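Here are a few notes to read alongside the structure. Have it open while you go through the points.

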Amino acid sequence: MNILELTNVHKKLGKIEIIRGINLSIGEGEIFGFLGPNGAGKTTTIKMIVGLIQPDSGCINIAGKNTVKEGNEARSEIGAVVENPEMYNYLSGMANLKLIAEIRKIPMKNVHEVVEIVNLTERIGDKVGKYSLGMKQRLGLACALLSKPKLLILDEPTNGLDPSGIIDFRKIVKNAVKEMNTSVFISSHILSEVQQLCDTVAFINYGEIKAIESITKQSINNETETVSINISQTLEGLDLLRKIESVENVSQQESYYIVTAKKGSSAQIIKTLVENNIDVNEVFIKYDSLEQRYMELVEGGK
Amino acid sequence: MITLIRQELYKLFMRKKTFVVLIGLILLTGFITYGFKSNAENMKKYDTPEFQIENIESNIIYLETEKNNIPQDIESDEVKTSEYLEDLDREINQLESEKALIMSTIGEDIDWRDTLDQKIKQQEKMILEDGANVNASELAQMNLQLDELQYLRDNQIEPQEYHDFNGFIFINQLISTLGQVFLFIGIAVFAADMVSGECTPPTLKLLLAQPVSRGKVILSKFIAIVIASVSLIILVEILAFIFVGMIYGFGDSSYPSIVGTAYQFDTSIFLENGGHPLTMVPNSGEIIPVWQYTIKLFLIQGLFIVTITSFVFMISTLVKSSMVSMGTSVVSLIAATIIFQFSALQRLGKYFFTSYSSLDGLITGNIAMYYNNPSMTGSLGIIVNVGWIILCYLVAHTYFIKKDFLI
C-alpha cells in the first residue's frame with residue numbers, strides 16, 4: 001500500500017492557482033525528494049498533506065486515510081517539520097517534546113530515545129529561545145520522529161544547518177528509515193541534498209509536477225547532457241557545432257559555447273572539432289545528471 | 001480534551017506576560033485599597049463632633065461679619081435693614097443651639113439602639129403624616145427605608161456610617177471599580193494573544209500537525225483562557241478581601257443591602273425636555289444580607305469577565321498578529337463603552353455587553369437610573385452577556401476550523 005498518495009490536487013490562494021493538479025505516490029520505506037525553485041508550490045503541498053490548509057479539489061491519502069475526512073487518523077501517521085521548526089520559545093526543548101508526547105500518548109522512554117538520536121541530550125532542558133537554528137532544526141526533527149511515524153515530512157530541513165549538521169541530519173534520516181521503515185518526503189531546492197538521500201525525485205514548478213524519476217547510484221538517467229566548450233570563437237566553429245547530428249542546442253556564454261547534446265556524445269563533438277582543425281582549449285560537462293534534469297524541467301532547459 | 005486544556009493552561013502560565021498582568025492587577029488593587037481607606041478616613045474626620053463644632057463656629061463668625069455688610073439697596077430702608085439683621089441673629093442662634101447640642105453629646109455614650117429606635121419612630125411618623133400626600137413610588141421608597149431600619153433593629157446590627165470601612169464594604173467597592181475600566185484593558189492585554197500569539201511565531205503549525213481536531217484545539221484554548229482570567233481576578237480580589245478584613249474587620253455579614261429595584265417612567269409628570277422622570281416600581285426592592293449581595297456581585301462579575309474574555313478571544317482568532325489583536329480589542333471595548341452613552345445609540349446600547357460594566361447596578365437595579373432606561377435590568381444584563389459569550393465563541397470556532405493556515 002502507498003503511504004502517501006496525492007490524486008489530482010488543486011489549490012487556489014486568492015485568485016492564483018498555486019497547485020495545478022498534482023499526482024504522486026510514495027511507497028513504504030521510500031525516500032522521496034520534492035524538488036523545485038522557491039515559489040513552485042512545495043510548501044503549499046506540504047501544508048495540504050499536514051492539514052494546515054485544505055485542497056480545493058482532489059484528494060490526499062496517508063496510509064489509506066483521507067486527510068480531510070479522517071484528519072486525525074491521517075495525521076497520526078505522520079511526523080512533520082513545516083518550513084522552519086517553530087517551537088514554544090518560552091518552554092524548554094523537553095517541555096516542547098512532552099506536549100507532543102502527551103497529545104500522541106507516547107511514553108517518556110521514547111522521548112529520551114529521540115533526544116539521543118538527534119544529539120540534544122545536553123541542551124534539552126534549556127529554553128528553545130536560546131537554541132541556535134541548527135539545534136531548533138534538530139528539535140523539530142525530534143518532534144517529527146517522536147511518534148515513529150509511517151511518513152516523515154521534512155520541508156527544506158537543512159536550512160541553516162552547517163556542513164557537519166547536514167551530514168548528521170542525513171545520517172539520522174537514513175537510520176530512521178532503516179530502523180522504522182519510515183517513508184520520507186523531503187522538499188528542497190538543494191540538489192545535492194536530494195541526490196544523496198532520495199530514491200525518487202519529483203520536479204515541481206508552477207504548481208505542476210514536471211517529472212518523477214528514480215535515482216540509482218546517486219544519479220538519474222538523462223537523455224541529454226550539457227557541455228561547455230572553449231574554442232577560438234569563429235563563425236566557422238559555431239556553424240560546425242550546430243551541424244553535428246547529436247547537438248540539440250548551442251548558446252554562447254562569455255568565452256564558452258554551451259552545447260546541449262545527446263548523452264555520451266561529447267567524445268564525438270571533440271573529434272569533429274579536432275578533425276576540422278579547430279583548437280579546443282577546454283571541454284567539460286557543465287551539469288551533473290540531476291542538475292541537468294533540473295535545468296531542463298524547471299528552468300526550461302536554459 | 002482535558003490534556004489539551006491542561007496544556008493550554010500550562011503554556012499560559014509559562015508566559016511572562018501572564019505574570020506582568022497579574023502583578024499589574026495586584027498593584028492596582030493595592031492602590032485602590034489605599035484610595036478607599038484614605039477616603040474613608042477623610043469622611044470620618046468630617047463626621048467628628050470637633051470638626052462639626054469648628055465648622056459651626058466659622059459659620060457664626062462669617063454671619064457676624066455679614067452684620068456689618070448691609071446690602072446697599074436696603075441700607076436706606078430701616079425696616080428692611082432691621083429684618084435683615086434679625087434674620088442673621090436667628091441663624092446665629094440656631095447654629096449656637098446646634099453647637100450646644102453637639103457639645104452635650106461629646107463624652108456622652110449614646111447607645112446606637114436608642115438612636116435607631118428614634119429613627120424608626122421618625123420614619124413611621126413621616127409615612128403616617130405624609131403618606132397620603134406623596135405618590136405610590138415615593139411611598140414605596142419610604143417603606144423600603146423603614147424596612148431597612150427595622151431589619152437592623154430585628155437583627156441587632158449597628159447601622160454603618162458613611163465613613164465606615166470593613167471587608168464587605170471594601171470588596172463590593174473594589175469589584176464595582178475594577179469593572180469600570182480595568183476588566184476591559186486587563187483582559188484585552190491578557191487574552192489577546194491566546195490564538196494570534198501562536199501565529200507569530202507560528203507554533204500553531206506544530207499543534208495542528210498533531211492528530212487532534214481543530215474544534216478541540218480552539219475549545220480547549222477558550223476554556224483555558226476563561227478559567228485563567230476568571231480565577232486570577234477573583235483570587236486577587238478574595239485575597240484583598242481577607243487582607244482588608246484581617247486589618248479593619250470584615251463587618252457584619254448580615255448587614256442589609258437593597259437589591260432588585262425596578263424602575264419605570266412616571267408618565268404623569270412631564271420634564272422640561274419632554275421626557276418623564278424615572279420612579280421606583282412599588283414593592284420591587286428587596287433586602288438581602290450583604291454576604292449574599294457580595295456573592296451575587298462575584299457571580300455577575302464572573303459572567304462579565306467571561307463575556308469580555310470571549311470577545312477578546314474572538315478577535316484573537318480572527319487576527320494574525322497579537323499586537324493588532326490587542327489594539328483592536330482595547331479600542332473596540334473602550335469605543336463601545338463611549339459610543340453607547342450617546343443618546344442616539346442608547347436604544348442599541350442595551351444589547352451590547354459593555355453597557356453593563358456597572359456591576360453593582362445590575363444587582364441593585366440602579367443600572368436603569370445610570371442610563372435613564374427602565375428596560376435595562378439585571379436579568380436583561382445576564383441574557384445579553386450570555387448571548388455575547390455564545391456569539392463570540394461560535395464565530396471564533398467556525399472561523400478557526402475552516403481557516404487555511406498560511407502562517
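1. Start with what A:G140 touches: setting aside residues up to four places away in sequence, its contacts are A:V81, A:P85 and A:M87. Bear in mind that this is a predicted model.

2. The glycine itself sits in helix α5 of chain A, which spans residues 133–145. Is A:G140 buried or exposed? With a relative accessible area of 1%, A:G140 counts as buried, because the cut-off for that is under 20%.

3. Now move along the chain to A:I270, which is 130 residues away from A:G140 in sequence. In space, the C-alpha atoms of A:G140 and A:I270 are 51 Å apart.

4. Helix α9 of chain A covers residues 266–275. What does helix α9 lie across? It lies across β11, β12, β13 and β14 of chain A, and it runs at about 25° to β11(A).

5. Those strands deserve a look of their own. In chain A, 4 strands make up an open sheet, ordered β12-β13-β11-β14, and they pair in the antiparallel sense. The edges are β12 (247–253) and β14 (280–285) of chain A, each of which has a partner on one side only. From one strand to the next, the twist averages 20°.

6. Within the sheet, look at β11 (residues 224–231) and β13 (residues 256–262) of chain A: their antiparallel pairing runs over 6 bridges. Which residue of β13(A) stands opposite A:V227? That's A:V259, so to speak a valine facing a valine.

Note on methods. Residues numbered from 1 in each chain as written. Chains lettered and ligands numbered in written order. Predicted model: local features only at pLDDT ≥ 70, side-chain atom pairs only at ≥ 80, totals over all residues. Heavy atoms only, no water. Pairing = 2+ DSSP bridges. Helix = DSSP H or I, 4+ residues; strand = E, 2+ residues; numbered from the N terminus. Axes fitted to C-alpha atoms, helices over the stretch in contact; angles between N-to-C directions. Contact = heavy atoms within 4.5 Å. Buried < 20%, exposed > 50% of the residue type's maximum accessible area, 1.4 Å probe, protein only.
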